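Please look over the sequence and the model shown here, and then follow the account below, which goes from a single loop residue to a pair of strands.

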Amino acid sequence: MEEKAFVPIAHIHTPYTSKFGIPRQSGLAENVICEIEFLPKYRNPDAVRGLSDFSHIWVLWKFEGFESEDWSPTVRPPRLGGNTRMGVFATRSPNRPNPIGLSSLKLLGIDTSSPKSPILKVSGADMLDNTAIYDIKPYIPFTDSHPNASSGFAAEHIDYRLKVTFSEGIFSELSEEKMENIKQILSFDPRPSYQNDAERIYGLNLYNHEIKFKVIGDELIVLSIVQD
């Protein structure tokens, strides 16, 4: 029997237009609202019948820009400083034999009024804008949640946050909500752990704006916000 090829069923729209700055795990940027838009073939309200009864969903998606014919059994997780190797299957690195991501997202609602409906309103996404979605499944707490599970080497970074402040005189036409979202995203510290130069100025793109910042100790200082 011929093997059936995987095909995208939808794309997600997020404020993350570049890889740098995307939250390292799903669920962290809990206030950032994103949209999952189905491709025409799967744009059928019957396909999401009953989904609104669930508070969260699993999303299976494709890491963009990480395709490679070769693979390595070990990778260097950024949170371990970029020098310590761990087995690829003990990490969530995008550099995998198959570039597949799995995220748990909060389902805020289903828009049925748009010409492209149904559109899923979600939060907690950790994906590049326009990422291809391969499948969506409901999150079921009594089987999917394991409160006593161990977190391995990731446990030491669970509560790590930076204090985010804005330099005087910064002006942005972005809404207060989006400014708060930017603050939340930056608090997760997008820098690789091995970069700790207080004089270095970093830049990332969110909501089609270039944001420049530097980090001194545990404080991230936003220097400018300029529309691309």
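Two residues are said to be in contact when heavy atoms of one and the other come within 4.5 Å. In this predicted model, and leaving aside residues up to four places away in sequence, Thr91 touches Val75, Pro77, Met86, Arg96 and Phe153. Thr91 itself belongs to the loop that connects β5 (86-87) with β6 (100-111). Is this loop residue buried or exposed? Buried means under 20% relative accessible area, and because Thr91 has a relative accessibility of 10%, Thr91 counts as buried.

The side chain of Thr91 also takes part in polar contacts with the backbone: a polar atom of this side chain lies 3.0 Å from the backbone oxygen of Val88, and the side chain reaches the backbone nitrogen of Ser93 at 3.2 Å. Glu37, by contrast, stands 54 residues from Thr91 along the chain, and the C-alpha atoms of the two residues are separated by 29 Å.

We turn now to a hairpin elsewhere in the chain. In strand β10 (residues 202-206) the side chains alternate, with Tyr202, Leu204 and Leu206 pointing to one face, where they are buried, while Gly203 and Asn205 point to the other face and are not buried. Strand β10 runs antiparallel to strand β11 (residues 209-216), and five bridges join the two strands. Leu204, one of the buried residues of β10, has Ile211 as its bridge partner in β11. Between the strands of this hairpin there are two residues, and Tyr207 takes a positive phi near 55°.

Note on methods. Residues numbered from 1 in each chain as written. Predicted model: local features only at pLDDT ≥ 70, side-chain atom pairs only at ≥ 80, totals over all residues. Heavy atoms only, no water. Helix = DSSP H or I, 4+ residues; strand = E, 2+ residues; numbered from the N terminus. Buried < 20%, exposed > 50% of the residue type's maximum accessible area, 1.4 Å probe, protein only. Polar contact = N/O pair within 3.5 Å; in protein donor to acceptor, adjacent residues only side chain to side chain. Pairing = 2+ DSSP bridges.
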